[in-house]
Amino acid sequence: MDGMIGQRWAEVRAEVPAGVEVVAVSKTKPVEAVEAGYAAGARSFGENRVQELVNKHEALTHPESGRPEAFQGLSWHQIGTLQKNKVKYIAPFVGLIHAVDQAGLLDEINKRAQAHDRHIPVLLQLHIAQESSKFGLSSAELDGIVERLDAGEWPHVQVQGLMGMATFTEDDMQVAREFTGLRALYDQHGPARGWNTLSMGMSGDWRIAVDCGSTMVRIGSAIFGKR
Ligand SMILES: *Cc1c(COP(=O)(O)O)cnc(C)c1O
């Protein structure tokens, strides 16, 4: 298993342009898969379940794991939908929360970040897909949140950019339209606020996402194999 992960990581990393960060999405895979990814050079790992994220942190990077020196620079990304009542479990260590889609979640992240004397980096998730199952803010809701951010709400939250998931379809043109729309929102709001991250693209659509201006791709199965 380890050899394949290292090889696939190297292939993906070589193909993704240098300025685009690759988040290795290790959800459902064992701790050993994260170790193999780290050994191959991956530094950001994405998980979508809080319990699994906490378990892997405790195994590898928690101060009491006995191993944190071995995994220096490893950053844990919460990429999936996050419930308010689970923020407290990841607040001490999470490196980036990708899927913030409501003001109430910002309230909670701010409160927990403050309690740990941290500033937690987050991305705001936009609803760009033609599917009701995908979460995210509308562009009007984004305007409302940005206004409140500019007014100084949530001082312990560091909004760094936007995230979105395109429709799961064979229609590359549609996927490109959705990613381009997200890039336009990023260009509208980001420059004045110092944003630096546009998280879009997964194993099946990252090439389109990069062509549309992604700065961070979230790649799972193409590195770790089928789930
Ligand atoms: C699972 C997941 C990914 C990675 O998906 P792959 O198709 O395996 O690359 C990316 N982003 C989110 C939000 C996910 O939940």
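A polar contact is a pair of N or O atoms within 3.5 Å; within protein, one must be able to donate a hydrogen and the other to accept it, and residues adjacent in sequence count only if both atoms are side-chain atoms. The model is predicted, with local features needing pLDDT of at least 70 and side-chain atom pairs counting only at pLDDT 80 or more, while totals for chains, interfaces and linings use all residues. Residues are numbered from 1 along each chain as its sequence is written, and side-chain values use heavy atoms, with hydrogens and water left out.

**Exercise 1.** Identify the polar contacts that K27, S203 and G220 make with the ligand.

*Solution.* Begin with K27, where a polar side-chain atom lies 2.7 Å from a ligand oxygen. Next, a side-chain N or O atom of S203 is 2.5 Å from an oxygen atom of the ligand. Finally, G220 contributes through its backbone, with an N or O atom 2.8 Å from a ligand oxygen. The protein buries 90% of the 390 Å² that the ligand exposes when taken alone (accessible areas by the Shrake-Rupley method with a 1.4 Å probe).

**Exercise 2.** Locate the salt bridge between E108 and K111.

*Solution.* Apply the criterion: a side-chain nitrogen of Lys or Arg within 4 Å of a carboxyl oxygen of Asp or Glu. The side chains of E108 and K111 satisfy it at 3.9 Å, N to O. Both residues belong to helix α5 (residues 103–115), three residues apart, about one turn of the helix (helices are DSSP runs of H or I, at least four residues, numbered from the N terminus). The rule gives nine salt bridges in total.

Notes: Helix = DSSP H or I, 4+ residues; strand = E, 2+ residues; numbered from the N terminus.
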